[in-house]
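Trainee: I've just opened this one and would like to talk it through from the beginning. Could you help me get my bearings?
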Amino acid sequence: MKENDVVLKTITKLVVFILLTFGFYVFFAGHNNPGGGFIGGLIFSSAFILMFLAFNVSDVLESLPIDFKALMGIGSLMSVITAIAPTFFGQPFLSQYDATIAIPLFGSIHVTTVTAFELGILLSVVGVIVTVMLALSGEQT
């Protein structure tokens, strides 16, 4: 890559912001619409990979306080715990629970355990994809 890729670096900053915003939307819309943790994780991964392509990989890894290998484990553990936890209460595997919480400024918010499961999937996908791409590129993570 050239030493002075100002246009690439500037556009990358904008596109990464758009990708991360769209990834959040797809993740949260996935409960009732197409999307969810897997597709959101792929979008988040593409944002990280774009940063690695536009900037120096070691600089990006230094500026991001993320250990992608640990992210794989945390995400997998989160998904497994969320899936197995209902069995300890006599419910079937992967049962979901939901509640409505009243927050003074925001009104009522519907929360569910599916979101925690999908977050685990998202973290696992991001960890796996970025770790594989860094390993293929020859970078140490």
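Mentor: Let us start with a term: accessible areas come from the Shrake-Rupley method with a 1.4 Å probe. With that in hand, and keeping in mind that this is a predicted model, the protein exposes about 9,100 Å², of which carbon and sulfur atoms supply 70%.

Trainee: OK, and what share of the residues is buried?
Mentor: Of the 141 residues in the protein, 29% are buried.

Trainee: Switching topic, how many helices and strands are there?
Mentor: The protein has 5 helices and 2 strands, and their order along the sequence is α-α-α-α-β-β-α.

Trainee: Where does UniProt put the transmembrane region feature?
Mentor: The unreviewed UniProt entry places "transmembrane region" at residues 12–31, 37–58, 70–89 and 109–136.

Trainee: What do residues 37–58 look like in the model?
Mentor: That span is 91% helix and 0% strand, with its end C-alpha atoms 27 Å apart.

Trainee: And how much helix and strand is there over 109–136?
Mentor: Residues 109–136 are 86% helix and 14% strand, and the C-alpha atoms at the two ends of this stretch lie 42 Å apart.

Trainee: Zooming out, what box do the C-alpha atoms fill?
Mentor: Taken along the principal axes, the box is roughly 60 × 35 × 25 Å. Within the protein, among contacts with a separation of 6 or more, 62% join residues 24 or more positions apart.

Trainee: Last thing, how many positive and negative side chains are there?
Mentor: There are 4 positive and 8 negative side chains, and the centres of these two sets are 11 Å apart.

Notes: Residues numbered from 1 in each chain as written. Predicted model: local features only at pLDDT ≥ 70, side-chain atom pairs only at ≥ 80, totals over all residues. Heavy atoms only, no water. UniProt positions renumbered as here; feature names shortened; annotations may be inferred. Helix = DSSP H or I, 4+ residues; strand = E, 2+ residues; numbered from the N terminus. Buried < 20%, exposed > 50% of the residue type's maximum accessible area, 1.4 Å probe, protein only. Contact = heavy atoms within 4.5 Å. Lys, Arg positive; Asp, Glu negative; His and termini not counted. Charge placed at Lys NZ, Arg CZ, Asp CG, Glu CD.
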